Amino acid sequence: MRKHTLILLFVFLAAIAHAQQVADHRNDFAVGFSGGYSLTDMRFLPKVSQTMHGGFVLGVTGRYTCEKYYSSICALQAEVNINQMGWKENIIDYNEDPVINQVTGLPEEYQRTITYVQVPLLARLGWGREKKGFQFFFQAGPQFGYCLSEKTKMNFKLAERNFEDRVNQTIAQDTMPVENKFDFGITAGIGLEYSHPKVGHFLLDVRYYYGLGNIYGDSKRDNFGTSNFRNIVVKLAYLFDIVRTKEKKKAPL
């Protein structure tokens, strides 16, 4: 047993030593800002019929590039974003026609906008040009958020809504404010970056966020067993270098 343990330890140390030999160290730090569009729906249980809720995303970004391992450029990225999430209800009848409010005579509409400050912590792998040209990248990591505010938009009074014709009888969410303001989950996405040594870095990325927390209580006594976010974000970002790895001087022939 001890012999096998020593062999495994030797193999592990050899792998680390090999990785250090083939990895090319980087010490690049860039910061910048970003903006984009956010599409969200909620995973409610019991189900609430929805269409995608649209909103804006604005934020700041810091990225530290630490090494190039073979052809992979490895970096860590942290962001602070303001994201408008929420849900937009699809209020239809059993024939999938819009439910008409019996008082106003108009199709009923309901939308909740919940504004969060979010902090994604991303590990990133890139392939392509580092200093001048295009680079494709993949990034993933945890994301944490906190509810700043919420706003409801509807074209009917709650006491006058057409409840009978709705195909979806779940309505508790219409009057419930966010109970759990802290949110957390996993985000991942892909993107394309163009870099120029004198101008900076221009990035386009698409990412998906799946919330692991519920905005409402999920005990047997609560209205919902599940109430978590599903969010797609498309972002444009600009980063400029603060620290750049010094190029190694070539030895004279």
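**Exercise 1. Describe the overall build of the chain.**

In this predicted model, the chain holds one helix and nine strands. Reading from the N terminus, the order of these elements is α-β-β-β-β-β-β-β-β-β. The next step is to turn from the elements to the packing: of the 253 residues of the chain, 39% count as buried. Among the contacts with a separation of 6 or more, 74% are made by residues 24 or more positions apart. As for the surface, the chain exposes about 15,000 Å², and carbon and sulfur atoms supply 63% of that area.

**Exercise 2. Decide whether Ser-72 is buried or exposed, and state which residues it touches.**

Begin with the location, which is strand 4, a strand that spans residues 72-89. The relative accessibility of Ser-72 is 16%, and because buried means under 20%, Ser-72 counts as buried. Leaving out residues up to four places away in sequence, Ser-72 touches Glu-67, Leu-125, Gly-126 and Trp-127. With one of these residues the side chain of Ser-72 makes a polar contact, since a distance of 2.9 Å joins the side chains of Ser-72 and Trp-127.

**Exercise 3. Carry out the analysis of Asp-41 in the way used for Ser-72, and list its contacts.**

Asp-41 is found in strand 1, which covers residues 23-45. Its relative accessibility is 15%, and because this value lies under 20%, Asp-41 counts as buried. When neighbours within four places in sequence are set aside, the residues in contact with Asp-41 are Gln-50, Met-52, Gly-86, Asn-228, Phe-229 and Arg-230.

**Exercise 4. Place Phe-163 in the chain and classify its exposure.**

Phe-163 belongs to the loop between strand 6 and strand 7. With a relative accessible area of 34%, Phe-163 falls between the cut-offs of 20% and 50%, and it is therefore partly exposed. Apart from neighbours within four places in sequence, Phe-163 is in contact with Gln-169 and Ile-171. A separate step compares sequence with space: Phe-163 and Ile-91 are 72 residues apart along the chain, and their C-alpha atoms are separated by 10.0 Å.

**Exercise 5. Characterise the largest pocket by its volume, its lining and the class of its residues.**

The largest pocket contains about 610 Å³ of space. Its lining is made of 30 residues, and those closest to the centre of the pocket are Arg-26, Asp-28, Glu-130, Lys-131 and Thr-245. Two or more lining residues come from each of strand 1, strand 3 (53-69), strand 4, strand 5 (110-128), strand 7 (182-196) and strand 8 (200-211). Strand 1 contributes the most, with six residues. Sorting the lining of the largest pocket by class gives 16 charged, nine polar and five nonpolar residues.

**Exercise 6. Repeat the description for the second largest pocket.**

Here the space amounts to about 290 Å³. The second largest pocket is lined by 15 residues, and Lys-88, Glu-89, Glu-108, Glu-109 and Tyr-110 lie nearest its centre. Strand 4, strand 5 and strand 6 (133-154) each supply at least two residues of this lining. By class, the lining of the second largest pocket has six nonpolar, five charged and four polar residues.

**Exercise 7. Find which backbone features stand out at Pro-46, Tyr-70 and Glu-96.**

The background for this exercise is that most residues other than glycine have a negative phi, and that most peptide bonds are trans. First, the peptide bond that joins Leu-45 and Pro-46 is cis, with omega at about 5°, and Pro-46 is found in the loop between strand 1 and strand 2 (50-51). Second, Tyr-70, which is not a glycine, has a positive phi of about 55°. Tyr-70 is found in the loop between strand 3 and strand 4, and because its relative accessibility of 52% is over 50%, Tyr-70 counts as exposed. Third, phi of Glu-96 is near 65°, which is likewise a positive value in a residue other than glycine. Glu-96 lies in the loop between strand 4 and strand 5, and with a relative accessibility of 64%, again over 50%, Glu-96 counts as exposed.

Note on methods: Residues numbered from 1 in each chain as written. Predicted model: local features only at pLDDT ≥ 70, side-chain atom pairs only at ≥ 80, totals over all residues. Heavy atoms only, no water. Helix = DSSP H or I, 4+ residues; strand = E, 2+ residues; numbered from the N terminus. Buried < 20%, exposed > 50% of the residue type's maximum accessible area, 1.4 Å probe, protein only. Polar contact = N/O pair within 3.5 Å; in protein donor to acceptor, adjacent residues only side chain to side chain. Contact = heavy atoms within 4.5 Å. 1 Å grid on protein atoms, 1.4 Å probe; cavity = no way out; pocket = protein on both sides within 12 Å on 5 of 7 lines; lining within 4 Å. Points joined across faces, edges and corners; volume = space filled by probe spheres on them. Nonpolar A, V, L, I, M, F, W, Y, C, P; charged D, E, K, R; others polar. Areas by Shrake-Rupley, 256 points an atom, 1.4 Å probe, with all protein chains shown as cover.
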